[in-house]
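Visitor: Please take one part of this model and look at it closely. I would like to know how a pair of its helices packs, and then how that pair compares with other parts of the chain.

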Amino acid sequence: MSANKENNLIQAYVELNKFCQSSDYERALKAAGKILQIAPNEQKAFHCKVICFIQLHNFKEALTVLSNAKNASLASDLVFEKAYSQYRLNCPKEALETVDGASELTPALKELRAQILYRLEQYQDCYNLYRDIVKNTTDDYEDERKANMSAVVSNLAALTPTADLPTFEESTYELSYNAGTTLAMRGKYNEALPVLKKAEQACSESVIEDGGTEEEAKEEAAIIRVQQAYCQQQMGKEKEAASLYQNVLKDKPSDQALIAIASNNLVVINRDTNVFDSRKRMKAATQDGLEHKLNSRQRASIAYNQAILAIYSNQGDRKAAVKLLEESEFKYRPAIVGLLCTLLTADNDYEKASKLFIDVYEHYKDDNEKLISLRNVWRAAAEAHQRANNTTAAAIAHEALAKAAPGDKRSLARLVKALVGDPERARKLAAGLPPISELESKIDVDALESSKWMMGAKIVKKTVQSKQEQSPGTPGSELGQKTKAKRKRKTKLPPNADLSRPPDPERWLPKYERTAYRKRRGIRRDVIKGSQGMTTNAVDQYDMSKQTPTATATAAKSPRVEPKSADSAWQRKQQQKKKGKGKGKW
């Protein structure tokens, strides 16, 4: 190498060192590239270039450089950098293969392998590896390793709540949070709440002591408050839980996984009410990119709630919902099986529903305890198989149901009926059924013949009685029967009725049509207008004491009864109807 070239190389390394010391990775990347232009085989500069890409979160470019065949000799020792880039690009399986292919498992590769196992949800292997790391390593990162280890323990508690798992000293808020989460995963929500509140307080104090603001402390403690809300929700305090979820979401946290979990839990609280809000929440819980930030249990819960919400809102794609549920790890649970059966039946896909129950039976056939507990599942399975005309599978379902309820004679009778193709076995099983003579006395033939027997016992009884009353008996049968005498209602008379005189023929006519009716006429009087002072002529005119009585007035004082005409009002009305002069009001 010439002196000039060597001087340029030294100068480039000086610049590279200066930029790395100041964490100016963009300029350090250019300096590393300059060195590689001068000397393409400089392994340190190549390593520094890869580190700059990683520090700039350009993992794709780092992996491209490391995987390039031209750089094979330079990248042979950079196993950690390659595996880390694969891990950050959400390729944990490839990252694990890279780590396991290393010639030596260094402490850094052990730490990375534990993180990869956690991402792959291999919690038991992850716990064993962390226990080995904690036991054989002493440095400034002990608290972080214990926090990671306690997170693994909480996930193990979620999978097996009754397992004997270790506990950790709650020296940091991360350890307190994981301890509270472990209690929650075990179903001990009352015990978990005070531990989580303690973790929230410790978190806020820690952030503020490190120079952070109250907003940053709130952001850091958001995950702890969501876990508190989950505990309250599981305890039945849904109003308090919903308030906590909403307060966390109002602060707009930067963690998308946290937003998804809080939104999903709010959808659960809403159920079939406030569907519009639930759809908005579900949209936040199903954003792109969340599949790498949530574990399989969380993804399955969101997918299940998304399918339920689609049913509530009558806008879900049933086939897509079926696909989501079939891909779930919980697809053999009774609730999921029931939902899948409902969706498939709604699409008239009886064959697929029948196959679903066959798979369920294959899944549980070696677990006698589960076979006995899932009575409703086998009952629904028998119906699904019969709809699909799968008699063999229907017989298996009836057999499982009879095994689950050995004392239920109906289940045994259904099994006997299902075993059409195996008469010998059906005959043996039928021996355990009660004789027909015991059942004959309990059968109401008239009720069965009635067309309304499906409408209830009361209607059946009423129908049978009416049929017995209406059906004619044999001659002479009425002699032995008592006929119920009809009750005669007593006639009610008006209080002033005179039975010695005939009733008035016009008593049913309205008053205005009767002969004696006289229309009441109003008396027209002159209206006195003007001022209060009046002339003497007007006073004399309206002074009744000064008026002389007339014959008309005298006659008006003595009332008289007018004689009735030969034709009554009712007869006149009939004549008017015949002539068609007008219509009566009644």
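Guide: Angles between helix axes under 35 degrees count as roughly parallel, over 145 as roughly antiparallel, 65 to 115 as roughly perpendicular and the rest as oblique. The model is predicted, so local features need pLDDT of at least 70 and side-chain atom pairs 80 or more, while totals for chains, interfaces and linings use all residues. Residues are numbered from 1 along each chain as its sequence is written, and side-chain values use heavy atoms, without hydrogens or water.

The part chosen is the pair formed by helix 8 (residues 107-119) and helix 10 (residues 142-159). Helices here are DSSP runs (H or I, at least four residues; strands are E, at least two), numbered from the N terminus. The two axes come within 12 Å of each other and cross at roughly 25° (lines fitted to C-alpha atoms over the stretch in contact, angles from 0 to 180 degrees between N-to-C directions). Helix 8 and helix 10 are therefore roughly parallel. Their crossing is left-handed (the near helix is turned anticlockwise from the far one by less than a right angle).

On the helix 8 side, Glu111, Gln115 and Tyr118 make the contact (heavy atoms within 4.5 Å). Helix 10 meets them with Arg145, Asn148, Ala151, Val152 and Asn155. By class, this contact has 3 nonpolar, 3 polar and 2 charged residues (Ala, Val, Leu, Ile, Met, Phe, Trp, Tyr, Cys and Pro are nonpolar, Asp, Glu, Lys and Arg charged, the others, Gly among them, polar).

Helix 1 (residues 3-21) and helix 2 (residues 25-38) offer a second pair, with axes that come within 8 Å and cross at roughly 160°. That angle makes helix 1 roughly antiparallel to helix 2. The crossing of helix 1 and helix 2 is left-handed. Residues of helix 1 in the contact include Leu9, Ala12, Leu16 and Phe19, and those of helix 2 include Ala28, Ala31, Ile35 and Ile38. The contact of helix 1 with helix 2 has 11 nonpolar, 1 polar and 4 charged residues.

In the setting of the whole chain, there are 32 helices and 0 strands. Of the 586 residues, 32% count as buried (under 20% relative accessible area, with a 1.4 Å probe and protein chains only). In helix 14, 10 of 13 residues are buried, among them Ile224, Arg225, Val226 and Cys231. The buried residues of helix 14 pack against helix 11, helix 12, helix 13, helix 15 and helix 16. After helix 14 comes Gly236, with a positive phi near 95°.

How values were computed: Buried < 20%, exposed > 50% of the residue type's maximum accessible area, 1.4 Å probe, protein only.
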